[in-house]
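Me: I'm new to this structure and would like a close look at one part of it. Could you walk me through it slowly, and then show me what lies around it?

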Amino acid sequence: MRSKKKIIITSVICLGMAALAYFAWLFPFYEFTSNDFGTGIEKLMSAEYLYTLTPLFIIIALATTGIILVIFIRKFLAKTDKNRSRAAQVRMGRLKGDSPKQKKSLFMIIRWAAMIIFTFMMIWGGLIFGLKMSSLSIPVLSCPWNTEQMTESSCYYLSHLNELFELPIQNIILFFGSTIAFTLLLGRAICGFLCPMGLIQDITDKIRQKTKIEGIKMNDKMYETLTPIKWCMALIFTGLCFAGGNFCNFCPAVAVSPILAGMSTSLYVSGFLMILVLMGGFFKRRAFCTICPLGTVMGFFHKISLFRVKKDCQSCTECGACYEACPMGIKMIYTEREKTDVTHANCIMCGECVKCCPEDNALSLTFAGKKIYTSSRKKIMSGYEEVRNYYDGKSNS
Ligand code: SF4
Ligand code: SF4
Ligand code: SF4
């Protein structure tokens, strides 16, 4: 009991200090201004640009502090709580070892390359290459307050529907035309391939994997708890403008894209939420995506997207590896025993389930009916090559 009290008091003090530091440090950066200190590469090389990045450094520093604090508390709990300690220690010990590494698949290389290139172009495309296609709207969380970005992000007008209908008719048609075309064509593959907020969360997850820190495995109950939050977020996202509110004031994406393009932004709430997004994404892959309002809106169209997840139920051996690997916690890919189409509204087409499935052709990603990525036992076993070679060598000697 005593240790629990200590943890609660320490956490409250640390969080209080972090909040104080956050508000004090960010105070000089409060105003939103489109900094005018040069153009193109020249702007990115200037000292003023480095100064504009300061809030982002503060956000990263505070998120790292938060992550270290959580690791410390978890270790402390595992050591002091007798009921949990045994299982927790075993689990932590097990996950500290090296896991077999699979050969990289072309699908994953393309997905990562697409995310990196797209994020780069969304943030610096206009600034470096002078490419601005602002009439083209892509449904991703890449803040359009960054006026230097190459294409428009649909999120601003989707969260300001009142302003959208005040635009000239040709702009409204262009907005809906490009947004709907992208949504229909790619569905939530946009989340898996194009969204900068998705890339940020995938990077934090990779850092966790490299540092061999145990992630947080969410169970069905935890996902159920998040469902009402997800729907509230979607309602606020599309409805706040009619109640006189502005979703941008607390959107975490505001804290990234405009700052990286050299603009000062108002960060009090959005910056704080970005810290939570970084911390969440570190311990649970794509944590923010499970409640992201734009993702929820895109999910409405999942039935007509050209990207699909297909399952051959005859080949499936019900091992559950796909469910374990899925960052969005989609259980039906594992539990489905009849249907071949297992595309769920929350599926971001990341291909992790296919990568981890040990049965040939049991799971596939398809585009317009054509298989583009298929599960393979050979690929899975390639990860165990070193282990196999070691034992083969031993038996021969
Ligand atoms: S769900 Fe994730 S990847 Fe999709 S738009 Fe939202 S933040 Fe981006
Ligand atoms: S079902 Fe598969 S492709 Fe879809 S989100 Fe989960 S792991 Fe990714
Ligand atoms: S990983 Fe493959 S074999 Fe295992 S339950 Fe999922 S679909 Fe079936």
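Where in H12 does a kink lie, and about how many degrees is it?

Reply: Before we start, keep in mind that this is a predicted model. The kink in H12 lies at Thr227, and it comes to about 25°. Follow the chain on from Thr227 and you shortly reach a proline, Pro228.

Now for the helix as a whole. H12 runs over 220–239. It has 20 residues, and at 1.5 Å a residue they should span 28 Å. The C-alpha atoms at its two ends are 29 Å apart, so the expected span and the model agree.

Next, which side chains are tucked away? Tyr223, Lys230, Met233, Ala234 and Phe237 are the buried residues of H12. Here's a handy bit of background: an α-helix has 3.6 residues a turn, so residues three or four places apart point the same way. With that in mind, look along the helix at Lys230, Met233, Ala234 and Phe237, which are among the buried ones.

H12 also takes part in a pocket. Together with helix H14 (268–283), H12 makes up the elements that give two or more residues to the lining of the second largest pocket. The biggest share comes from H14, with seven residues. The pocket holds about 510 Å³ of space, and 20 residues line it. Nearest its centre you'll find Leu276, Gly280, Ala287, Phe288 and Ile291. Sorted by class, that lining has 16 nonpolar residues, three polar ones and one charged one.

Phe288 is a good stepping stone, as it turns up again around ligand 1. The other residues surrounding ligand 1 include Arg188, Cys191, Cys195, Arg286, Cys289 and Cys292. That shell divides into eight nonpolar, one polar and two charged residues.

If you want to compare, take a look at ligand 3. Among the residues around it are Cys316, Cys319, Cys322 and Cys357, along with Tyr334 and Pro358. Its shell has eight nonpolar, two polar and two charged residues.

Last, the enclosed spaces. Searching the whole structure turns up seven cavities of 30 Å³ or more. The largest of them has a volume of about 110 Å³. It is lined by 16 residues, and Cys326, Ile330, Cys347, Cys350 and Cys353 are the closest to its centre. By class, 13 of the lining residues are nonpolar, two are polar and one is charged.

Terms used. Residues are numbered from 1 along each chain as its sequence is written. Chains are lettered from A and ligands numbered from 1 in the order in which they are written. This is a predicted model: local features need pLDDT of at least 70, side-chain atom pairs count only at pLDDT 80 or more; totals for chains, interfaces and linings use all residues. Side-chain values use heavy atoms; hydrogens and water are left out. A residue is near a molecule or strand if one of its heavy atoms lies within 4 Å of it. Ala, Val, Leu, Ile, Met, Phe, Trp, Tyr, Cys and Pro count as nonpolar, Asp, Glu, Lys and Arg as charged, and the others, Gly among them, as polar. On a 1 Å grid over the protein atoms alone, a cavity is a set of points where a 1.4 Å probe fits but cannot get out, and a pocket is an open set with protein on both sides within 12 Å along at least five of seven lines; lining residues have an atom within 4 Å of a point. Grid points are joined across faces, edges and corners, and a volume is the space filled by probe spheres set on the points. Helices (H or I, at least four residues) and strands (E, at least two) are DSSP runs, numbered from the N terminus. The expected span of a helix is 1.5 Å times one less than its number of residues. The bend at a residue is the angle between axes fitted to the seven residues ending there and the seven starting there. Buried means under 20% relative accessible area, exposed over 50%, partly exposed in between (1.4 Å probe, protein chains only).
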